[in-house]
Amino acid sequence: MFKRILVANRGEIALRIIRACHELNIETVAVYSIADRDAEHVRCADHAICIGESAPSKSYLNASVIISAAELVGADAIHPGYGFLAENALFAEMCEASGFHFIGPKPESISLMGDKISAIKALKPFGIEPVPGSSDFDSDKSLAQCADAIGYPVLIKSAFAGGGRGMRIVTSAKELPQAMKEAELEAEHACQNRTVYVEKYLESPRHIEFQVLSDAFGNVLILGERDCSIQRRYQKIIEEAPALNLPDDQLKTLHGKITKALQSLSYIGAGTLEFLYQDGHFYFIEMNTRLQVEHPVTEEIFDVDIVKEQINIASGHTLSIINPKQNGHAIECRIVAEDPVKGIPSPGVITQLRLPGGPGVRIESDLYQGQMVSPYYDPMICKIVVHAKTRDDAIKRMQCALSHLLIEGISTNREALIDIIQQSWYKNLKSTTHSLNLHFKAAKDVISS
Ligand code: ADP
C-alpha cells in the first residue's frame, strides 16, 4: 500500500480524498494556489506545497509543477480528484514516467474515452448503442445530409469539451451552418479542439449513469445506477441512487455488456458510463474515467468507499468489495455560489455559516465562516447528501437539511433546490433532463406576467 499520496486538487474533493487516505494510514500532501493558502484541504493534509498563482492554468493545471511537488515531498502516488488534470492522459503518463502511481485508469483508457467519438466507436461492438448520430462529415453539405438522415431536432456536440460546452440544438437545416460555427468556436475555446459531432436531440430523456470499478485482475463491479436528470444548462444539480422505474431485464443485459466491454478494453479503476434513457431505450453518451462529483450517493446505498477502492486498485490489489448489498435511497444536492436570478457565479466572503447535520446527512464541503469563495474556481461549494430508507424519506430529509443550511455573504441556489424537490413532477419520478428548463421558464413567465 502507498505511504504518501499527493492530492492534485482543491476544495471538497481534495478534503474527501485526504480523509480516505488518513483512514488508510496514508500520509497526504496538499497542493494549493495562492488564493487557497488558508483552505481546509491545506490545513488537513500532513504536508502542503504552494504550486503557483490563483488562476488554474498557473497552479492546479500546471502538470510539471505538480510532478515537481511530488518529487520534492517523496510521494509515491498522485490522486487527481475530478476536473483539472483528472482526465488528462498526458498528465497520467507524466506521473507514471516520473515514477508515481496515477490513481486512475491507464493513459490509453483516458485518451480513448476522453474523445467522445472514439468512446462511442469503442463501445458499439459490445452492443452498447449511442444516440443515433454521426461524426463522418467534412463539409457543410455532408453535415446537412447527416442531420437530415438523423432527423431534426439535432444536437451538435463537442468531442472533447465537457460541462455542456460546444453544444447547440438545431431545429432546421437553415440554422445548421451558424450553429456549427458557434459550437466549433466554443469547443475550441473550452479545450483547444474544435472537433464536433451530431446526434439526434432527445426531447424527454432521463440521464442514467452506471458507476463501475475494475481492478487489474479483470474483476468488474457495477455499483448500480444513478439518476442525474435534474440539470441546468446541461449541468447536474441533484443526483440520486438508485435510479428507480427502470426495467430489471434491460439493466441486467446492459450490466453484462458493460462488464464485457471493460474487461476487453482492460479498463482499470473507477469510471462512469453515462446514458440517456428515453422510450424504453438506453443511449450511451460518454464515459468519465475518474471519480464523479456525485459518487457519494452510490457510496451511501452500497456502504462502500469508492476513493479507498481507487487507491486499493492503483496500488495493485484486487477489489475489496464483492457483491455489495444495496440499501435505501440517497440524494445529493449541489450548493452553488451563484446569483439565483442571473445564474452567474457569486464569489465573496462567507459571513455566516450553519451546515445541516443529523442522522443520514452527509456534508462534503470545505466551507468555513470567514472564507473567501474565490472567483477563480468552480462555484460549487458544498454537497449535501442524504440517505434514508425510502425515496420519500430521503426527500423529506433533504428538505430539512436545505432549510437548516445557512450561508450568508454570498448568494446560492439553496432556494431553487428547495423549490425543485417540492415539485410534484420531482416527487412522482417524472423528471427528465428538460424539467428544470420548463420549470424555470414557467417561474419566469409568472414573475414577468
Ligand atoms: P458533457 O460532457 O458536456 O457533460 P454529455 O454528453 O455528458 O456532455 O451530456 C451532458 C448532458 O447534455 C446530458 O446529461 C443531457 O442532459 C444533454 N444531452 C447530451 N446529449 C444529448 C442528446 N443527444 N439529446 C438530448 N440531450 C442531450
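In the predicted model, a polar side-chain atom of Lys157 lies 2.9 Å from a nitrogen atom of the ligand. Two backbone contacts add to this picture. A polar backbone atom of Lys200 is placed 2.9 Å from a ligand nitrogen. For Leu202, too, a polar backbone atom is found 2.9 Å from a nitrogen atom of the ligand. Taken alone, the ligand would expose 550 Å². The protein buries 95% of that area.

Several strands contribute to the shell around the ligand. Those that give two or more residues are strand E7 (154-158), strand E9 (196-200), strand E13 (269-278) and strand E14 (281-288). The shell holds 21 residues, of which Lys116, Gly164, His207, Gln231 and Glu286 come nearest to the ligand. By character, the shell residues divide into nine nonpolar, six polar and six charged. Domain 2 (132-200) supplies at least three residues to the shell. Domain 3 (206-448) likewise supplies at least three.

The strands E7 and E9 belong to an open sheet of four strands. The order is E6-E9-E7-E8, and the pairing is antiparallel. Strand E6 (133-134) and strand E8 (168-170) form the edges, each pairing on one side only. Between E7 and E8, three bridges are found, in the antiparallel sense. Within this pair, Leu155 stands opposite Ile169 of E8.

At one edge of the sheet, strand E6 contains Ser134. This residue has a relative accessibility of 17%. Ser134 therefore counts as buried, the cut-off being under 20%. A polar atom of the Ser134 side chain lies 3.1 Å from the backbone nitrogen of Asp136.

Attention now turns to the loop between E13 and E14. Asp279 is placed in this loop. Its relative accessibility is 66%, so Asp279 counts as exposed. The cut-off for that class is over 50%. The side chain of Asp279 makes a polar contact of 3.3 Å with the side chain of Gln278. A distant part of the chain also approaches in space. The C-alpha atoms of Asp279 and Pro205 are separated by 8.1 Å, although the two residues are 74 residues apart along the chain.

Two further elements are mostly covered. In strand E2 (residues 27-33), six of the seven residues are buried. Strand E1 (residues 4-7) is joined to E2 by four bridges, and the two strands run parallel. Leu6 stands opposite Val29 of E2 in this pairing.

The other covered element is helix H13 (residues 414-421), with six of its eight residues buried. The buried residues are Arg414, Ala416, Leu417, Ile418, Ile420 and Ile421. Arg414 is thus part of the buried set, alongside residues such as Leu417 and Ile421.

Technical notes. Residues are numbered from 1 along each chain as its sequence is written. This is a predicted model: local features need pLDDT of at least 70, side-chain atom pairs count only at pLDDT 80 or more; totals for chains, interfaces and linings use all residues. Side-chain values use heavy atoms; hydrogens and water are left out. A residue is near a molecule or strand if one of its heavy atoms lies within 4 Å of it. A polar contact is a pair of N or O atoms within 3.5 Å; within protein, one must be able to donate a hydrogen and the other to accept it, and residues adjacent in sequence count only if both atoms are side-chain atoms. Accessible areas come from the Shrake-Rupley method with a 1.4 Å probe; for residues, only the protein chains shown count as cover. Ala, Val, Leu, Ile, Met, Phe, Trp, Tyr, Cys and Pro count as nonpolar, Asp, Glu, Lys and Arg as charged, and the others, Gly among them, as polar. Domain bounds come from an automatic or database domain assignment. Buried means under 20% relative accessible area, exposed over 50%, partly exposed in between (1.4 Å probe, protein chains only). Two strands pair if DSSP finds at least two bridges between them.
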